[in-house]
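Colleague: Could you walk me through one helix of this model and the parts around it? I am new to this, so please explain the terms as you go.

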Amino acid sequence: KNPLSSIELFSTKTQLMEFTCNVPSKEGLIVSLNISLQYRIDPQKAAELYKTVGLKYEEVVIAPAMRSAVRNETSARDAKALYTSEREQIRSDLLTSLKDTLSERGIIVEDVPLRNIILPKKLTSAIERKLEMEQESERMNFVLLKAKQEAKRKAIEAKGIADFQQIVKAGLDDKYLRWKGIEATVDLSQSNNTK
């Protein structure tokens, strides 16, 4: 063994790095992302990593790769996509990109969770207004549907009344009305208030 040689220890346990990146969106808006990177060193490639990069592999290899991948993913998307359901797709694309880039260096990427996305205030308020307007639109659709159902109910009720009147009208003829008139006259003549 060479007496001048030394041993450097690398941890092969999962490690966590946190990044805050201010990156442009497709529209040119600056978005602030807080991202975590969970990774570990491949034991088979640790010696090669030390020889080619050294102990500062986080600063030299991981951080630049992370910033580059984040910029590539966000610059291809609208800012509102970062705020909505496409967030999971961004995480998945980042994970794939970083795995491809860092695996050849001996760094195994496990996950890239997006912790927080901070959009410009104007955009955030615009998105919130849009969501409020969509909810109001849904509420109005419900009110209109309820009004249409009430109108149908009233139409059915009116048809029922009209059918009843038609049946009653068909049963009334001149002889029956004359008979009812005579009965009413007799009742009036027998009342205390006859004049």
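Modeller: Let's start with confidence. In the protein chain, the lowest mean pLDDT (the predictor's confidence in each residue, from 0 to 100) is 68, in helix 3, residues 79–83, while strand 3, residues 107–111, has the highest, at 89. Helices (H or I, at least four residues) and strands (E, at least two) are DSSP runs numbered from the N terminus. The chain as a whole averages 83, and 93% of the residues score at least 70. Where pLDDT is low, the predicted coordinates should not be read in detail. This is a predicted model, in which local features need pLDDT of at least 70 and side-chain atom pairs count only at 80 or more, while totals for chains, interfaces and linings use all residues. Residues are numbered from 1 along each chain as its sequence is written, and side-chain values use heavy atoms, leaving out hydrogens and water.

Now for the close look, at helix 4. Its 17 residues, 87–103, should span 24 Å at 1.5 Å a residue (1.5 Å times one less than the number of residues), and this agrees with the 24 Å between its end C-alpha atoms. Which residues of helix 4 are buried? They are Ile90, Leu94, Leu95, Leu98 and Leu102. Because these residues cover an arc of only 135 degrees around the axis, they lie on the same side of helix 4. The arc is taken from the directions that run from the helix axis to the C-beta atoms. Buried means under 20% relative accessible area, exposed means over 50%, and partly exposed is in between (1.4 Å probe, protein chains only).

Let's zoom in on Leu98 of helix 4. Leu98 is buried, with a relative accessible area of 0%. Leaving aside neighbours within four places in sequence, Leu98 is in contact (heavy atoms within 4.5 Å) with Leu37, Ala65, Met66, Ala69, Ser103, Val109 and Val112. Its C-alpha atom is 9.0 Å from that of Ile108, 10 residues apart along the chain.

Ser103, also in helix 4, makes a nice contrast: at 36% relative accessibility, Ser103 is partly exposed. Beyond four places in sequence, its contacts are Lys45 and Leu98.

Helix 4 also meets helix 2, where Glu73 is found. Glu73 is buried at 14% relative accessible area, and its contacts beyond four places in sequence are Ile90, Asp93 and Leu94.

What does this side of the helix belong to? In the largest nonpolar core, which has 34 residues, Leu98 is one of those touching the most other members, along with Leu37, Tyr57, Ile62, Ile107 and Val112. A nonpolar core is a set of buried Ala, Val, Leu, Ile, Met, Phe, Trp, Tyr and Cys residues joined through side-chain atoms within 4.5 Å. At least two residues of this core come from each of strand 1 (15–24), strand 2 (30–41), helix 1 (46–52), helix 2 (57–75), helix 4, strand 3 and strand 4 (114–118). Helix 2 has the largest share, 8 residues. In soluble globular proteins, nonpolar side chains tend to be buried together. Ile62 shows how the core is joined up: beyond four places in sequence, its contacts are Met17, Phe19, Leu37, Tyr39, Tyr57, Leu102 and Ile107.
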